[in-house]
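Reader: I am new to this structure and should like to understand the terms used for it. May I ask how each one is justified?

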Amino acid sequence: MDYQHIVVLTGAGISAESGIPVFRSETGLWENHRVEDVCVPSALVRNPKLVHDFYNKMRSGLKTKVPNAAHRAIAKLQQEWPQRGGSVTLVTQNIDDLHEKAGSMNVIHMHGELNSLWCTACGKRFFFDGESSPDMSCPYCGKPTLRPDIVFFEEIPYHMDEISAALSRCSLFIAVGTSGVVYPAAGFCQYARAQRALCVEFNLERSAVATNFNYGLYGKASITLPAFVEHLLRTGEPLTQQ
Ligand code: NAD
């Protein structure tokens, strides 16, 4: 089997068609907030209420969001590729829960999850889908030291060892809806290429890092990705053009 181990990396673009806005790297704004006000560690010290409220609003918005055909295609690949002796590792930069809602298992959330809180005193992380505040007590240690379980800029993403291990054995690397400006995820393609993996990007248009990939399939991921997955499952070969 030529493409036994597949790594899929997803970014904000895959959830755009489900109504979750992407990050505007050209303006530095995320949901109309400056990144330095809501997505860096010092923001939690300066204005913790603003940070909690920002993620509360996004978290409550998740409840009505549903996965689209691109999320479902990845879940299908994860279910069916192992039946042919392969494996699919799904790494997402997204903090939403649309992969899980689409039926994906073992999603690696390298930038954390909206539906999770983290206690910086006792280190516990736990599922949470309500409204948090800076004075809320940790249910485990009782201290008011909870924060959204989101990896901020300047912080190290989660699960990097697991991701490196998957990339080092991958033969097909697929990046979906990611602009390639946020590191370390932006460097995964070069790492996979160095392992001789075939690298394919799915985006509306060529991204800033398009030349790192062997080729790209351009258009809405809800159209391009299901076609790619169906072809791969049918023939064992990646589709090279639509
Ligand atoms: P990004 O916002 O920087 O880039 C999104 C990319 O997706 C763009 O290149 C855009 O052209 C492409 N795109 C938009 N719609 C698409 C579609 N329908 N089909 C295919 N491609 C499409 O996203 P990023 O690279 O993931 O970096 C943003 C950071 O912000 C991430 O680290 C993430 O944690 C965070 N973020 C997460 C969410 C989420 O959880 N859904 C949303 C916004 C931002």
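Author: The exchange below takes up aromatic pairs, burial, a helix face and salt bridges.

Author: This is a predicted model, in which local features need pLDDT of at least 70 and side-chain atom pairs count only at pLDDT 80 or more, while totals for chains, interfaces and linings use all residues. Residues are numbered from 1 along each chain as its sequence is written, and side-chain values use heavy atoms, with hydrogens and water left out.

Reader: What makes F202 and F228 an aromatic pair, and of which kind?

Author: Rings of Phe, Tyr and Trp (its six-membered ring) pair if their centres lie within 6.5 Å; planes under 30 degrees apart are stacked, over 60 edge-to-face, and the rest tilted. The centres of F202 and F228 are 5.1 Å apart and their planes stand at 85°, so the pair is edge-to-face.

Reader: Why is this pair said to tie together separate parts of the sequence?

Author: F202 belongs to strand 10 (residues 198-203) and F228 to helix 9 (residues 221-235), so the pair joins parts 26 residues apart in sequence. Helices (H or I, at least four residues) and strands (E, at least two) are DSSP runs, numbered from the N terminus.

Reader: Are F202 and F228 buried or exposed?

Author: Buried means under 20% relative accessible area, exposed over 50%, and partly exposed in between (1.4 Å probe, protein chains only). F202 has 1% relative accessibility and therefore counts as buried; F228, at 0%, is buried as well.

Reader: How do you know that the buried residues of helix 7 line one face?

Author: These residues of helix 7 (residues 160-168) are I163, A166 and L167. Viewed down the axis, they fall within an arc of 100°, so they line one face of the helix. The arc is that of the directions from the helix axis to the C-beta atoms.

Reader: Why is the contact of K76 with E230 called a salt bridge?

Author: The term requires a side-chain nitrogen of Lys or Arg within 4 Å of a carboxyl oxygen of Asp or Glu. The closest N and O atoms of K76 and E230 are 2.8 Å apart, so the criterion is met. K76 in helix 5 (residues 69-80) and E230 in helix 9 are 154 residues apart. K76, with a relative accessible area of 28%, is partly exposed, and so is E230, with 36%.

Reader: How many salt bridges does the structure hold?

Author: There are eight salt bridges.
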